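Here is a short report on one protein chain. It starts from a single pair of residues and works outward to the whole fold.

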Amino acid sequence: MKKILGISIVLASFAFANMAKSDINSDIYNPLLEDNKVVIKMDLLTNSGNKQIGEIIAVESDYGIVFYPNLSGLDSGIHGFHIHQNADCGATDKGLGMKAGGHWDPQNTNNHSFPWNNSGHKGDLPAIYVDKDGNANYPILAPKLNKLDEIKNKALMIHIGGDNHHDKPAALGGGGARMACGVIK
Ligand SMILES: [Cu+2]
Ligand SMILES: [Zn+2]
């Protein structure tokens with residue numbers, strides 16, 4: 001009996017080892033395999049120039065556009081995340097990333113709010129989460145955005161601070177300066 005059990009364990013571990021090689025990776029959803037997607041290359045904004053930190057893949061879903069980040073080298077924590085109106089991540093004399101302009105607001109609401117509030121900026125997204133190792137991999141659902149075509153020719157921005165989805169006590173959710181940016185093409 002012991003011998004049979006031993007053989008079964010050996011066979012089971014062979015099966016598992018084979019699965020590890022062939023199946024596990026393909027079982028994890030990979031947005032890059034979608035036909036309809038936009039790949040947004042993201043740069044860290046620094047005074048000595050922009051530095052590549054990875055990409056964010058946008059795809060459509062039944063519930064809105066989903067952003068799948070694959071980023072590294074960021075400060076850990078929660079960071080404000082928005083679509084800004086201009087397809088330009090350059091600096092101005094006001095600061096890094098300022099050429100991207102303000103939050104995308106096609107209905108001129110002038111109101112920074114929740115990602116599900118139609119009376120707020122259309123570019124207001126849920127915050128992006130960066131883990132303790134500086135990687136961002138957790139997907140973000142944007143329920144007010146439906147079609148990839150509508151977000152093109154704008155910028156995707158990650159701020160240094162978080163986002164309370166109000167203009168109080170600080171404007172634009174309080175996330176402050178612009179940390180990373182990518183043009184949506
Ligand atoms: Cu922003
Ligand atoms: Zn906003």
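## A sheet and a loop

Val66 stands opposite Leu141 in strand 7. The model is predicted. The link between Val66 and Leu141 belongs to a wider pairing: three bridges join strand 3 to strand 7. These two strands run antiparallel.

Strand 3 also pairs with strand 2. Strand 2 covers residues 51-61, and strand 3 covers residues 64-71. Eight bridges hold this antiparallel pair. The two strands form a hairpin, with two residues between them. Ser61 stands opposite Gly64 in strand 3. Ile57 has Tyr68 of strand 3 as its bridge partner.

The table lists the named bridge partners.

| Residue | Partner | Strand of the partner |
|---|---|---|
| Ser61 | Gly64 | strand 3 |
| Ile57 | Tyr68 | strand 3 |
| Val66 | Leu141 | strand 7 |

Now the whole sheet. In what order do its seven strands lie? The order is 5-8-9-1-2-3-7, the pairing is antiparallel, and the sheet is open. Its edge strands are strand 5 (81-84) and strand 7 (140-142), each of which pairs on one side only. Neighbouring strands of the sheet are turned by 25° against each other on average, direction ignored. As a general point, strands of a sheet pair through backbone hydrogen bonds, either parallel or antiparallel.

Next, a loop residue. Asn146 sits in the loop between strand 7 and strand 8 (154-159). Which residues does Asn146 contact, leaving aside its neighbours within four places in sequence? They are Glu60, Gly64 and Ile65. Gly64 is also the residue that Ser61 stands opposite. Asn146 and Ser61 are 85 residues apart along the chain, yet their C-alpha atoms are separated by 7.7 Å.

Is Asn146 buried, partly exposed or exposed? Asn146 counts as partly exposed because it has 15 C-beta neighbours inside 10 Å. A buried residue would need 20 or more, and an exposed one would have 12 or fewer.

Last, the chain as a whole. Its secondary structure comes to two helices and nine strands. From the N terminus on, the elements run α-α-β-β-β-β-β-β-β-β-β. The protein chain has 185 residues, of which 32% count as buried. Take the contacts between residues at least 6 apart in sequence: 57% of them join residues at least 24 apart.

Definitions and conventions: Residues are numbered from 1 along each chain as its sequence is written. Chains are lettered from A and ligands numbered from 1 in the order in which they are written. This is a predicted model: local features need pLDDT of at least 70, side-chain atom pairs count only at pLDDT 80 or more; totals for chains, interfaces and linings use all residues. Two strands pair if DSSP finds at least two bridges between them. Helices (H or I, at least four residues) and strands (E, at least two) are DSSP runs, numbered from the N terminus. Axes are lines fitted to C-alpha atoms, for helices over the stretch in contact, and angles run from 0 to 180 degrees between N-to-C directions. Two residues are in contact if their C-beta atoms, placed from the backbone, lie within 7 Å.
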